[in-house]
Amino acid sequence: MEFIDLKSQYAQMREPINGRIQQVLDHGQYIMGPEVKELEERLQDFVGVRHCITVASGTEALLIALMALDLKAGDEVITTPFTFIATAEVIVLLGAIPVFVDIEPDTCNIDWRLIEAKITSRTRAIMPVGLYGQTADMDEINAIAARNGNIPVIEDAAQSFGATYRDRKSCNLSTIGCTSFFPSKPLGCYGDGGAIFTNDDELAKAMREIRVHGQERRYHHTRVGVGGRMDTLQCAIVLAKLDSFEAEVQSRLALGERYAELIRKAGVPASVLAVRPDRTCVWAQFTVFIQNRDAVQKKLQSLGVPTAVHYPVALNRQPAYLHLGSADNTPLSDAAAGTVISLPMHPYLTESTQAFIVDALAGALAG
C-alpha cells in the first residue's frame, strides 16, 4: 500500500507525460523554454489571476514574494507555527521576525481572531497557510490587513492548490498566493517546483526579476535576486498532469467524504479534520486526531498501512526558533502536534482499500 501513489498516477498519464518530456528533449531549451510560459498562462487561467510566475520550489515562491515586498531585517511577519518549516524559514532568512499566532483546534489553520492583537508598527505581512488542503479564513484575514494599513497578505497554498474558498480558487484570495509542485502535492512535478500568483502588476514585475537574479534585461540587474527559475522539464510534467487535475481534485473530495463516513459508521474514536461549509479541502494529507499515536502507528505499520505526522513539533518549539521566546504561547498548536496523524491519500485509492485502512485504524485504537 502506498501513502501517496505516484506510480499509479504515472501509469494513467504515461503517454502525455512522456510526450511532454520528449518535446523538451527535442527542442533542448531546458531553462526558460516555451513550456514555462505555457504553464504560467494555463495556471493564470485555472486560478483566475492576472499573473503567474513559476519558480524553483514552494519555498522559493515564499522567499521571492517576501523579497518583492522589500522585507527587511527587524520587520515582522505574522504566521502560524503549525506548518512546514519553510513558512518561517524564509522570513528568518531575510532577517525578519516570524510572529506566531495559534491555530483553530478543528481545522489546524491560523485563528484569524487572534491576528489583530499581534499587529505592531513593524508588521510587514501576514502569511496564513492552507494546511492539509483547506484554505484559512482569507476574507477575515484580508479585512484585518486592510484596516491596519493595507498589510500585504501572502497565502501559503503549498497544500491547498486546487481548493476553493467561497467560490474562488486558492492562490486568488489575497495580495500574493504561493504554491508548491513538490511530487507529493495535489499537483506535483517530478522534482522541485512552485508558482506565485498575483493581480498586482508591479509585484509581478518585481517577482519575475527577482526569480532571475534581479535581472530586468540581460546583464542589467535592477534589484537583488536569486536563481529561482522552475526548469522546463518540470513545467512540462505539470502541463501533462494539469489536464487531469480537476478530475483528481474531485476524486480527492469524494475520498475525503468517504473516509469521514467510514470513520463515523465504524465508531472509530478519531476526530476528522473539520472542513468549513464555505470551502473545499483537496486533502493534501487526510488528517485525523487520535490518542496514543506512537502505538497506533506501530500497529498500523504492522498491518501494512503507512501513516505520517504533519507536524510533530510546532515551529516555535523548534531549536532554531527558540530564541524568539514564543514557545509557550501556542497551546493549541502543541495539542495538535501531539495528536494529528495522516492516512494514505491519493486520487487512486479504492473503496476497499479505504475500508481496510479504517478497519485497521479502529482495531489499532481499540488496543
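Helices and strands in this tour are DSSP runs, numbered from the N terminus. The structure on display is a predicted model.

**First stop: the loop around Y219**

Begin by selecting Y219, which sits in the loop between β10 (215-217) and β11 (220-221). Although Y219 is not a glycine, its phi is positive, at about 65 degrees. Is this residue buried or exposed? Y219 has a relative accessible area of 66%, and because exposed means over 50%, Y219 is classed as exposed.

**Second stop: W283**

Next, select W283, located in the loop between β12 (271-272) and β13. W283 is not a glycine, yet its phi is positive, at about 50 degrees. Its relative accessibility is 5%, and W283 therefore counts as buried, given that the cut-off for buried is under 20%.

**Third stop: the largest nonpolar core**

Proceed to the largest nonpolar core, which has 34 residues. Select F82, C108, Y259 and F286, the members that touch the most others in this core. Then colour the elements that each supply at least two of its residues: α7 (232-266), β13 (286-289), α8 (293-302), α9 (331-339), β14 (340-343) and α10 (351-366). Which element gives the most to this core? That element is α10, with 5 residues.

Centre the view on Y259 and display its surroundings. Beyond its neighbours within four places in sequence, Y259 is in contact with F286, L343, P344, M345, L349, Q354, I357 and V358.

A second core, separate from the one just visited, comprises 28 residues. Among them are L62, V90, A96 and A204, which may be selected together.

**Fourth stop: helix α3**

Now select residues 58-68, which form helix α3. This helix is largely enclosed by the rest of the structure, because 10 of its 11 residues are buried. The buried residues are G58, E60, A61, L62, L63, I64, A65, L66, M67 and A68. L62 in this list is also a member of the second core.

Add S57 and T59 to the selection in order to inspect the N-terminal end of α3. S57 caps this end: one of its side-chain oxygens lies 3.4 Å from the backbone nitrogen of T59. Beyond the other end, select D70, just after α3, where phi is positive at about 60 degrees.

**Final stop: a cis peptide bond**

Finally, select H310 and Y311 and display the backbone between them. The peptide bond joining these two residues is cis, with omega about 20 degrees. Y311 belongs to the loop between α8 and α9, two helices that each supply at least two residues of the largest nonpolar core.

Definitions and conventions. Residues numbered from 1 in each chain as written. Predicted model: local features only at pLDDT ≥ 70, side-chain atom pairs only at ≥ 80, totals over all residues. Heavy atoms only, no water. Core = buried A, V, L, I, M, F, W, Y, C linked by side-chain atoms within 4.5 Å. Buried < 20%, exposed > 50% of the residue type's maximum accessible area, 1.4 Å probe, protein only. Helix = DSSP H or I, 4+ residues; strand = E, 2+ residues; numbered from the N terminus. Contact = heavy atoms within 4.5 Å. Polar contact = N/O pair within 3.5 Å; in protein donor to acceptor, adjacent residues only side chain to side chain.
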